[in-house]
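Open the model in your viewer and keep the selection panel handy. We will go from stop to stop, selecting as we go.

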Amino acid sequence: MNEKHILLIISGGIAAVKLPELIRRLTAQGARITPVLTQSGAQFVTPLSIAALARSKVFTELFDLTEEAQMGHIELSRAADLVLVAPATAQIMAKMAQGMADDLATTLLLATDTPVMIAPSMNVRMWQHPATQRNSKRLQEDGVQIIGPNDGEMACGEYGPGRMAEVDEILARVAGFFRNGPLSGRHVLVTSGPTHEPIDPVRYIANRSSGAQGTALAAALRDLGARVSFVTGPARVPPPKGVDVHPVQTAQEMLTAVEGLLPADAAVFTAAVADWRMADAHGQKIKKQSSGAPPVLQFAENPDILARVSAHELRPQLVVGFAAETEHVIDNATSKRLRKGCDWIVANDVTPQTGIMGGAHNKITLIDKAGAETWDEMPKIDVARRLAQRIADALT
Ligand code: C5P
């Protein structure tokens, strides 16, 4: 981040207490910070401590005429390479989404022509409120990159999404932005993990996918500078830092999340989606029959997310599917590519003897319209890096 200039807007949330650490780490990596503290931000951190850590003057609401003469707010908003709002409260997000400019921070945000990233931080109910969700979607449509928020314990004692992304995660995103990789400015959607299809409130149908390959791929795409939307079922491995995580449980939820995240430049479907769900999941736990007769489960077919997106009016330029097969891998995957209408299929053999499903290694065959190319066995992380690079090559 050598000499990269970040305009850091600190709005008023309890997560502002993480800001000294964020500033210290950003400056340690060579970034130059110009801090702007909102009036409510100043309730949580003092201008003096921020100024000392950022080694810069702190701009506050008391932006008087002398300062305006030295550096106008338009200039201040445009001098940076990146505008970062952390923490971003529900209030500042709402103002940004509406284009309001009633204080220094929002005036700068409206005047800037520099990319903007925000790290939301608020109570779980405030985050989940339709108004905040609407504002978040609107801001993404406007090109604002959103970091987090994460699930976790809140200062107010509640638990859920709304907690500001960790400092490491914000750093990874900012570093990814400046890395200016071949995928910078590109939006890539990745699905990952298994889905859980409820049978009743306590039981579900699942599969052995760990989410390892999808997670590695999302991280590799991020490292090439992409903005990654990561739609994940209940995976065993944690999602990567620095991507937008959208947790889901069922195939139907995954489809809704994916369609809501379009448009994207590329979409990669690594998720092991259940082909069937219960036709009518029980509202109550299914009890043993006194007769001893086992229950009969009726299935309904799940939507094929890959096929839907391949035929979508907002179809990404590149659509990649995965094919986990246990026999005739290349033949099955080749016909799957045509049936689903995607551009590439990444095929692998998941017979238990291969140890691929849930394991650390993978051996894949990449199938496109030109034919099939089998790669040597390698760690999933290397498969991910090579695949991410191929995706970058295909998009440029
Ligand atoms: O047909 P099959 O399940 O083998 O296809 C695998 C590919 O299709 C994977 O890329 C998977 O993510 C995707 N898929 C999907 N929705 C489904 C089933 C599979 O997106 N319902």
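How do the residues of the shell around the ligand divide into nonpolar, polar and charged? They divide into 7 nonpolar, 1 polar and 4 charged, where Ala, Val, Leu, Ile, Met, Phe, Trp, Tyr, Cys and Pro count as nonpolar, Asp, Glu, Lys and Arg as charged, and the others, Gly among them, as polar.

Before you select anything, note that this is a predicted model, in which local features need pLDDT of at least 70 and side-chain atom pairs count only at pLDDT 80 or more, while totals for chains, interfaces and linings use all residues. Residues are numbered from 1 along each chain as its sequence is written, and side-chain values use heavy atoms, with hydrogens and water left out.

**Stop 1: the ligand**

Select the residues with a heavy atom within 4 Å of the ligand. You should find Phe269, Ala271, Val273, Asp275, Pro303, Asp304, Ile305, Leu306, Gly321, Phe322, Lys336 and Lys340.

Now look for polar contacts (pairs of N or O atoms within 3.5 Å). A polar backbone atom of Phe269 is 2.6 Å from a ligand oxygen. For Leu306, a backbone N or O atom lies 2.9 Å from an oxygen atom of the ligand. With Lys340, a side-chain N or O atom is 2.9 Å from a ligand oxygen. On its own the ligand has 440 Å² of accessible area, and the protein covers 88% of this (Shrake-Rupley method, 1.4 Å probe).

Colour helix H12 (305–310), strand S16 (318–325) and helix H13 (329–340) next: these elements give two or more residues each to the shell. Helices (H or I, at least four residues) and strands (E, at least two) are DSSP runs, numbered from the N terminus.

**Stop 2: helix H11**

Select residues 251–261 and show the buried ones (under 20% relative accessible area, 1.4 Å probe, protein chains only): Ala251, Met254, Leu255, Ala257, Val258 and Leu261. Looking down the axis of H11, you will see them within an arc of 165 degrees, so they line one face of the helix; the arc is that of the directions from the helix axis to the C-beta atoms. Their cover includes strands S8 (187–192), S11 (227–232) and S13 (266–269), as well as H12.

**Stop 3: Thr232**

Thr232 lies in S11 and is buried at 8% relative accessibility. Among the residues it touches (heavy atoms within 4.5 Å) are Ser192, His246 and Met254.

**Stop 4: Trp127**

Finally, go to Trp127 in helix H7 (residues 124–128). Trp127 is buried, with a relative accessible area of 11%, and its contacts include Met93, Pro149 and Pro161.

Definitions and conventions:
A polar contact is a pair of N or O atoms within 3.5 Å; within protein, one must be able to donate a hydrogen and the other to accept it, and residues adjacent in sequence count only if both atoms are side-chain atoms. Buried means under 20% relative accessible area, exposed over 50%, partly exposed in between (1.4 Å probe, protein chains only). Lists of a residue's contacts leave out its neighbours within four places in sequence.
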